[in-house]
Amino acid sequence: MGYMLLKMSVTVLVICGLAAALWLLDNKTPFQKMETRVKRLIIGVLFGGAAVFSTHFCAQYGTMALNIRDIAPLCAGLIFNPWAGIIAGVIGGLERFIAGQFFDVGYYTRIACSLSSIMAGIIAALLSIHLFDKKRPPFFYAAVIGAVMEVFHMLMILLTHMNDISQAFDIVSTCAGPMILFTALGCAAATALVSALSGQYKKGWHRTEKADTPISKTFQLWLLVFVSVALLLTFLFTYVAQTRMTLTSSQELMQLNVEDVKRELENNEENMSGVKSLLKQQALALAYSVSNDVSIMGKNVSSEQLQELADLYGIYEINLINQKGVISSSSNPERVGFNMSSSSMSSPFLVLLDGITTEYLQDFRPISYENNVSLMYAGVAHGSGFVQVGYDKSNIAQFETLADVTTVAADRHVGKSGFVLLTDEDGTVISGSEEYLWRSLSELGMTDSPKQSGDFFYSTLNGTKCYCLFDKINDSGIYIVMPTNELYESRNIFAYEIAFMEILLFSVIFALILQLVRTSIVSNLQKVNRSLSRITGGDLDEVVDVRTNAEFTSLSHEINSTVSTLKHYISEAEMKIDKELEFARAIQLSALPDRVPIFADRLGFNLYARMKAAREVGGDFYDYFFADADHLVLVIADVSGKGIPASLFMMKSKTLIKTLAENGMMSPARILSTANKELCAGNDAEMFVTVWLGVLNIHTGEIVCSNGGHEYPCIKRKGGSYELYRDKHGLVLAGMETSKYQEYTLQLNPGDNLFVYTDGATEATDIHNKMYGTPRMLETLNKYKDDDPQETMEKLLNDIDRFVGKAAQFDDITILCVGIPLTVRQNRLELQALDIELERVQDFVSEIAEAAGADPRTLMRVTIAVEEIFINICHYAYGGQPGDCAVECYVEDGKLIIRFIDSGIPYNPLVHEDPDITIPLEQRKAGGLGILMTKKFMDSVFYEYRDGNNILTAEKLLSAPENSIS
Amino acid sequence: MIVKKEKTAAGTTVFISGRLDTTTAPQLEEELKDVLAETNALTFDLDGLEYISSAGLRILLSAQKVMNKRGTMVIRHANETALEVFELTGFTDILTIEES
């Protein structure tokens with residue numbers, strides 16, 4: 001036993017050592033870089049070798065040779081690689097078969113052993129792939145797998161020897177315990193060792209929180225508990241049922257035997273009684289014979305002589321009793337001197353001394369001087385005394401044989417090793433196998449004798465535990481005896497088989513359910529989770545598509561429809577926001593002055609401004625307006641940030657600046673610092689705005705500028721190139737309340753252009769995140785510097801467009817260019833308000849109108865209107881005194897615009913009532929006709945009084961269709 | 001502006017050509033003073049008239065008022081421009097304009 005344990009432990013240690021060595025080799029040496037195919041072959045072969053070693057390094061236990069070969073393939077498959085397990089299993093299994101078949105090493109179990117070794121490899125591989133994801137299982141799992149594998153091994157031994165089940169059972173009942181235990185131990189030890197080497201236990205044992213426990217773990221635990229309980233219960237149930245059944249069938253068998261014996265004995269009853277009387281006669285006859293023989297011997301007969309005589313006759317005892325009733329001589333010398341009257345058993349014989357009675361027979365009785373011996377005595381008168389002959393049972397066996405009694409039990413078998421004993425009324429075996437015959441039951445060790453016939457009871461017979469049935473016929477006892485180990489053999493085989501099968505079955509169920517849970521729940525959940533995390537990551541186009549069962553299909557469907565509803569709402573919200581932003585954009589853009597070039601023909605300067613808005617509402621703006629008749633204010637600005645806040649801030653800034661300038665504040669620096677203070681107040685959003693502001697005197701070309709943190713302006717002198725003008729920057733507006741702004745003056749002469757822009761132009765970005773940059777902007781400007789400023793600007797915008805390409809426009813691009821043209825058309829005529837100047841005024845207007853392509857008819861009408869207005873001023877504006885008048889004429893938007901400015905008495909001629917042109921001649925007045933004609937000939941005429949001037953403006957559409965008046 | 005007068009038994013014909021505007025109107029007014037004093041049948045031939053403003057209209061209006069009391073006044077050879085002016089000012093109703 002101790003030797004066996006030592007050898008098994010050595011095998012376990014060898015496999016553990018191999019596992020550890022291979023693990024180190026695979027993790028700490030260049031071996032790990034080898035191809036997987038080669039590695040698993042090497043590992044498989046080495047473990048196969050370990051399996052072969054286990055086969056031949058077997059431990060003797062009882063009559064069996066124990067070996068734990070299955071550990072090697074299991075370890076190879078579970079710890080290293082599924083294929084290595086299979087290889088090791090095949091090597092170990094085949095070698096075992098060959099050794100068994102051809103070299104007589106464990107021939108009897110060769111098939112079971114080799115099969116289970118191969119299966120060990122395969123099962124390890126399957127479990128590793130399907131249950132453990134090719135990861136090393138925890139050591140307790142390895143232990144369970146090892147144990148179950150050995151159970152399979154044991155079951156295989158039983159199943160391959162169904163015809164020879166008893167021997168197979170002997171083997172199994174001996175081997176099962178140690179082999180299962182050591183295989184489990186070996187697998188666990190090897191797994192734990194490798195896990196320890198890999199540092200898995202360094203983290204320590206932490207109880208995982210419920211929230212962190214994977215669903216499969218919980219499932220495993222509960223499944224294990226339930227399966228174990230179910231296994232135990234079914235086993236107990238079958239065990240009890242089987243015990244009950246075995247007992248019942250044995251009892252039936254025994255009862256049948258009793259019946260048979262009884263029937264046989266009944267048949268022999270006549271024989272028996274015949275034999276009995278024969279026996280008595282024979283006993284008496286023998287007594288007479290002895291009496292005769294003793295008479296021949298003479299007076300003094302010695303004990304030796306009587307002993308010889310007894311042996312001769314096959315008699316137990318011969319006593320000679322004298323006339324006083326005392327034994328005078330006996331074959332048993334101890335009996336000499338015994339007084340027959342002293343015992344109740346012997347005293348009846350004294351009747352032979354009365355001289356009348358000649359013979360007396362006493363049936364078998366236990367004798368007093370010797371234990372466990374019953375004797376039958378026959379006495380006959382002999383002289384003055386008598387002769388007493390004692391028989392024991394064996395002495396009369398011949399007679400019983402004659403009555404077939406002894407054969408009744410001796411020839412009978414109950415089951416394989418059960419038998420029948422027949423006793424006489426004293427409990428002496430009169431029939432049965434040799435070893436029990438003529439021995440009393442108490443002598444054989446049967447202590448607890450039954451009283452009732454039909455009783456079953458356990459007893460020990462000759463040291464063997466037996467199950468017995470007692471019955472009685474006449475005085476004879478019938479004992480049907482069944483050794484308990486035979487009684488329960490079939491139950492035990494059955495129990496082992498059932499236990500093994502159930503363990504296997506439940507293991508398989510356990511593994512299958514786990515696998516099912518993993519594939520149909522856990523992996524699906526993981527899939528759903530992956531999709532959900534992609535969705536929460538913002539990918540609303542992700543579709544959850546787990547359709548392996550109804551629940552997950554409906555879950556997928558629900559998630560998908562939730563996401564699509566969400567998507568719908570988001571897109572609706574986005575559309576709404578987009579729409580609102582669009583409105584905001586439109587409002588913002590409409591706040592900017594018309595973007596078409598203006599003033600081209602007017603007053604001797606060019607202006608071009610353009611804002612190319614980004615999709616999102618931004619904060620750029622430009623503005624231009626007349627602060628008074630001579631001063632044109634130019635603004636370009638960029639509000640920090642984007643969206644609605646920026647656009648609101650932009651509106652505020654724009655309005656503020658315009659209001660300040662229009663209310664007479666002419667100094668750009670003052671405008672900026674006042675606006676700055678205003679914007680700083682209540683600037684909770686911490687926004688700011690960069691502003692460049694210039695005030696151009698349209699007559700002199702002088703422009704006074706101030707820069708609040710805005711980009712440097714570009715200036716091009718006549719014949720020169722666009723260059724940055726590094727002006728003095730103040731701080732951005734709304735940045736600090738105390739910011740100071742400086743102003744500077746530039747003189748713009750004919751041919752000069754001043755260009756300002758926002759950073760949206762220089763920082764326009766292409767798809768490679770490269771910025772347009774100031775150098776390229778200047779390069780482009782200079783490439784087209786000799787073009788009309790408007791064209792230069794448009795080409796710059798085109799170039800920026802080309803540069804940006806498909807990249808999204810992030811920021812507004814705003815540009816503004818003001819210039820003095822080289823050739824200035826005189827648009828203003830200043831002269832005295834005198835009739836004689838009429839022709840000069842008319843020529844001035846006609847020239848411009850003709851140049852603009854006015855037809856003769858229109859020209860005529862315009863000329864008439866000009867006369868009427870001018871003459872009106874001459875005659876009435878200054879109350880007959882001489883005065884000045886200015887006439888401006890230019891074409892804008894296809895309209896000829898004529899403006900008369902005088903500083904005379906404020907008077908609006910248009911409010912004068914038109915003359916009635918339907919009344920009779922006599923009532924008609926000469927006045928009012930001129931204004932009437934002016935109104936009729938021009939498309940619109942309006943009056944304003946500003947800065948002490950009467951300003952009358954008349955407009956005529958040059959492309960008007962003919963006869964539009966009539 | 002050129003003004004020609006032609007007296008016949010039937011009456012007096014005044015030929016006006018060129019521009020009749022504020023600056024030339026006083027000249028026409030001067031020329032008409034004696035004509036209006038003696039003739040009973042006045043004819044304005046506007047064949048050569050290029051331009052007429054309200055100053056000219058006023059002269060025609062006052063001439064018409066004088067002639068209404070004494071005889072007749074006819075306008076002939078008015079060109080398109082003149083006709084348009086007459087039309088606009090309601091003069092077509094009070095002047096006798098000969099269709100040309």
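Is Ser653(A) buried or exposed, and at what relative accessibility? In this predicted model, Ser653(A) has a relative accessibility of 1% and therefore counts as buried. The residue is placed in helix H17 of chain A, which spans residues 643–662. Leaving aside residues up to four places away in sequence, Ser653(A) is in contact with Phe621(A), Leu679(A) and Val689(A).

The chain to which this residue belongs contains 24 helices and 29 strands. Of the 966 residues in chain A, 48% are buried. Among the contacts in chain A with a separation of 6 or more, 66% are accounted for by residues 24 or more positions apart.

A second buried position is provided by Arg110(A), whose relative accessible area is 13%. Because the cut-off for a buried residue is under 20%, Arg110(A) falls within that class. Arg110(A) is found in helix H5 of chain A, which covers residues 110–130. The side chain of Arg110(A) forms a polar contact of 2.6 Å with the side chain of Gln101(A). Gln101(A) also appears among the residues touched by Arg110(A), together with Arg96(A), Phe97(A) and Gly100(A), when residues up to four places away in sequence are not counted.

Aromatic pairing was examined next. Over all chains, the count comes to 19 aromatic pairs. One of the pairs is that of Tyr772(A) and Phe803(A), with ring centres 5.3 Å apart and planes at 70°, so the arrangement is edge-to-face. Tyr772(A) lies in the loop between helix H19 (759–762) and helix H20 (774–783) of chain A, whereas Phe803(A) belongs to helix H21 (residues 789–804) of chain A; the pair therefore ties together parts that are 31 residues apart in sequence. Both partners are buried, Tyr772(A) with a relative accessible area of 4% and Phe803(A) with one of 11%. Elsewhere in chain A, one aromatic cluster is formed by Phe132(A), Phe139(A), Phe140(A) and Tyr141(A).

The contact between the two chains was then considered. The size of an interface is often given as the accessible area lost when the parts come together. Chain A and chain B bury about 2,100 Å² between them, and 63% of this area is on carbon and sulfur atoms. Leu921(A), Arg924(A) and Leu929(A) supply 28% of the area that chain A buries against chain B, which is more than any other three residues. In terms of residues, the contact takes 27 from chain A and 25 from chain B.

Polar and charged interactions are also found across this interface. Between chain A and chain B, 3 salt bridges are counted. Glu84(B) forms a salt bridge with Arg861(A), in which the closest N and O atoms are 2.5 Å apart. Residue pairs in polar contact across the interface number 9, with both residues at pLDDT 80 or more.

On the side of chain A that touches chain B, at least two residues each are supplied by helix H22 (838–851), helix H23 (856–877) and helix H24 (929–937). H23(A) gives the most to this side, with 9 residues. By residue class, the side of chain A that touches chain B divides into 14 nonpolar, 4 polar and 9 charged residues.

How values were computed:
Residues are numbered from 1 along each chain as its sequence is written. Chains are lettered from A and ligands numbered from 1 in the order in which they are written. Side-chain values use heavy atoms; hydrogens and water are left out. Helices (H or I, at least four residues) and strands (E, at least two) are DSSP runs, numbered from the N terminus. Buried means under 20% relative accessible area, exposed over 50%, partly exposed in between (1.4 Å probe, protein chains only). A polar contact is a pair of N or O atoms within 3.5 Å; within protein, one must be able to donate a hydrogen and the other to accept it, and residues adjacent in sequence count only if both atoms are side-chain atoms. Contact means heavy atoms within 4.5 Å. Buried area is the accessible area (1.4 Å probe) that two parts lose on being put together, summed over both. A salt bridge is a side-chain nitrogen of Lys or Arg within 4 Å of a carboxyl oxygen of Asp or Glu. Ala, Val, Leu, Ile, Met, Phe, Trp, Tyr, Cys and Pro count as nonpolar, Asp, Glu, Lys and Arg as charged, and the others, Gly among them, as polar. Rings of Phe, Tyr and Trp (its six-membered ring) pair if their centres lie within 6.5 Å; planes under 30 degrees apart count as stacked, over 60 as edge-to-face and the rest as tilted.
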